[in-house]
Amino acid sequence: MAASQPESVPVSKILNVNVGVLGHVDSGKTSLVKALSTELSTAALDKHPDSRKRGITLDLGFSAFTIDVPEDRKEEFKGYEKIQFTLVDCPGHASLIKTVIGGAAIIDLMILVIDINKGIQTQTAECLIIGEILSDYMIIALNKADLIPKAKRAEKIAKMKKKLQAVFKRTKFGKDIPMIPTIAAPGGGLLHKDGAKKSSDETDIKQLINTLNRTLTVPKRVTKGAFRFAIDHCFQIKGQGTVMTGTVLEGSVSLNDIIEIPSLGIERKVKSMQMFRKPVKSAKQGDRVGICVTNLDSKLLERGVACAPKNIPTISAAIVSVNKVRLFKGEVRTNAKFHCTVGHSTVMATAHFFGNEIELKSQGDIAKKEKNEKKEKKAAAGGKEEKKKKPKKKVPKKYQRVVYPTSFDKTKEYAWHEQLVTDSVKHPPGSQFALLRFDKPITCAIDSMVVGSKLDVSTDAKLCRIAFSGKMLGALKWSETELEEFKIYKTRERIGTVERLQDDYTLIGKGLFSKETDMTQFIGLKVKLDNGLEGSISSSFGQTGKFKVSFVNPIPEEMIHVQGGKGEGRKSKKQKRTVHSKITLPLKKYVFATDRKRLVQ
């Protein structure tokens, strides 16, 4: 294996990259992780007793291997001598999808493991969706290639690659996604000193490592922000204290820093830290680390977050920018309950959807606009145009990563949605929102990603259960005063008919109101005829609920029909001019308004 041990290299010279390993149950994920790993954490390779008993991964596992920074990429990885790939082994069983989403939230890139003999299965599809939501880079490991007879292996691999290319062409990763056939720990494979099996033919594993290296870009690490830490395991060490293992999400932490565990409402001093059993004095965003503190009962904390004091709130509701998952076949309806996963926490929440048809332009339009603005600024400054760079391979706009808004504008009006709709020209990514009311408070950062699922759907149904994804834009208390600030409205219409014309600018209508209706609140409201001609209600007419509609311009002659005018003397009928049209009165009703009777257009 092309991996090296980093004992003599300072931690500051090692770049840690988190690689999620996801796939359907029994696709060989843990075997692949065993074949790759040279360093194991306290939670690695199915160490949970139930995992060993049942023969499947039940919890997140963490292990790592390290390589030298390649010679041809030293400039790109300036400041680092080695790259440590931390492998996040995620469960594949359908019932553990919450754990998978939590694991995927901390990764930089993803390996999707597919059993080459079975192709895409139900959980494979769900893992692909999670990858599209939470990861920018993906590699496919076509595992268990050793089960194909050698004489037919090359042909079978080529067929499977072609089949998968057709699938991935419709995703943001594109048809050229790297696919590596692997033989992870076939029968009787070699063993590490720690008991982990290696592949009997390491060629495929080396190819996978090389592909990881080629796919990898230097992750952006923010060390100046407030410290935030995703805890995935917690355990006691006698005589030492309690160890919380996890991944630094933002900022950095050092020995003797005071950190808070907001879900427990306590603060503790960092006593010691380790990265894969090696003592360290500090850790930064992206690092996998174990933090030891004292006076903490590990039974009170299985998963959660730690942070700089007073940095992460506990909230009961949130405003979220959302979009529907395209492979979810059911309706994502307002007032329905969803399992909402934020980091390692999953709680039930009631969703209320709303938005505007043209709230944001597509990502391509935004990028084009920004590019033109840069050109204009440069031209205004008298500078020359930059030399055109070779364009990057474009992903079709439809499948580009969703660009969520970074804030919510309460001054705008938004239409209530009975259900979330799939992204389209009318509803581009970023144009739909949700008010989520959690069944119980959740501790999370305000800018967290949210994944909404229908986990009560039977795992035998072979349907995608992930309904929507989104990004939090703010927290709510769900008070009447606060909700009224949201100008979310439902539209409704009253339909009447034209009785006759009073003159060229005025008609008499009926059917909109009853005789008991107080007409004063409707005076001045706009109405429309079938052809789009717009007028306004000017007054009531008589005592039976009839009304007058006035127009700025004369009613077009081609719309007017003449009735009556036959007979003589007393039996003669007077001519009546009318318009054969419905009269539509559009109204808005603000969903959270305290004054329910107020009429708005």
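Trp478 sits in the loop between strand E26 (466-476) and helix H8 (480-484). Helices here are DSSP runs of H or I with at least four residues, strands are runs of E with at least two, and both are numbered from the N terminus. The model is a predicted one, in which local features need pLDDT of at least 70, side-chain atom pairs count only at pLDDT 80 or more, and totals for chains, interfaces and linings use all residues. Residues are numbered from 1 along each chain as its sequence is written, and side-chain values use heavy atoms, with hydrogens and water left out.

Trp478 counts as buried because its relative accessible area is 14%. Buried means under 20% relative accessible area, exposed means over 50%, and partly exposed lies in between (1.4 Å probe, protein chains only). Leaving aside neighbours within four places in sequence, Trp478 is in contact with Ala317, His352, Leu435, Arg437 and Leu483, where contact means heavy atoms within 4.5 Å. The C-alpha atoms of Trp478 and Leu436 are 9.6 Å apart, with the two positions 42 residues apart in sequence numbering.

**Nonpolar cores**

Leu436 also appears in the largest nonpolar core, which has 62 residues; Ile140, Leu436, Phe438 and Phe468 touch the most other members. Helix H4 (residues 122-134) gives the largest share of this core, six residues. A second, separate core of 27 residues includes Leu36, Ile83, Ala141 and Ile205. A nonpolar core is a set of buried Ala, Val, Leu, Ile, Met, Phe, Trp, Tyr and Cys residues joined through side-chain atoms within 4.5 Å. In soluble globular proteins, nonpolar side chains tend to be buried together.

Beyond four places in sequence, the contacts of Phe438 are Ile315, Ser316, Ala317, Ala318, Cys340, Val347, Met348, Ala349 and Met472. Ala317 is thus a contact of Phe438 and also of Trp478.

Leu36, from the second core, belongs to helix H1 as one of its buried residues, together with Lys29, Thr30, Leu32, Val33 and Ala35. Helix H1 (residues 29-36) is mostly covered, with six of its eight residues buried.

**Loop residues**

Met519 is placed in the loop between strand E28 (506-510) and strand E29 (526-528). Its relative accessibility is 10%, so Met519 counts as buried. Apart from neighbours within four places in sequence, Met519 is in contact with Phe513, Ile537, Ser540 and Phe547. Met519 and Ile537 are 18 residues apart along the chain, and their C-alpha atoms are separated by 9.5 Å.

Gly79 lies in the loop between strand E3 (61-68) and strand E4 (82-89). With 43% relative accessibility, Gly79 is partly exposed. Outside four places in sequence, Gly79 is in contact with Ser12 and Lys13. Gly79 and Ile14 are 65 residues apart in sequence, and 8.8 Å separates them in space, C-alpha to C-alpha.

Two further loop residues have a positive phi although neither is a glycine. Their values are set out below.

| Residue | Phi | Loop between | Relative accessible area |
|---|---|---|---|
| Arg277 | about 70 degrees | strand E13 (272-275) and strand E14 (278-280) | 52%, exposed |
| Lys310 | near 65 degrees | strand E17 (304-307) and strand E18 (314-324) | 70%, exposed |

**The chain as a whole**

The secondary structure of the chain comes to eight helices and 34 strands. Of its 601 residues, 49% count as buried. Among contacts between residues at least 6 apart in sequence, 72% join residues at least 24 apart. The accessible surface is about 31100 Å², and 50% of it belongs to carbon and sulfur atoms; the areas come from the Shrake-Rupley method with a 1.4 Å probe, and for residues only the protein chains shown count as cover.

**Cavity**

Rolling a probe the size of a water molecule over the atoms shows where empty space is left. The count comes to one cavity of 30 Å³ or more, and the largest cavity has a volume of about 40 Å³. A cavity is a set of points, on a 1 Å grid over the protein atoms alone, where a 1.4 Å probe fits but cannot get out; lining residues have an atom within 4 Å of a point. Grid points are joined across faces, edges and corners, and a volume is the space filled by probe spheres set on the points.

The lining of the largest cavity consists of Lys589, Tyr590, Ala593, Asp595, Arg596 and Arg598. These lining residues divide into two nonpolar, no polar and four charged. Ala, Val, Leu, Ile, Met, Phe, Trp, Tyr, Cys and Pro count as nonpolar, Asp, Glu, Lys and Arg as charged, and the others, Gly among them, as polar.

Definitions and conventions: On a 1 Å grid over the protein atoms alone, a cavity is a set of points where a 1.4 Å probe fits but cannot get out, and a pocket is an open set with protein on both sides within 12 Å along at least five of seven lines; lining residues have an atom within 4 Å of a point.
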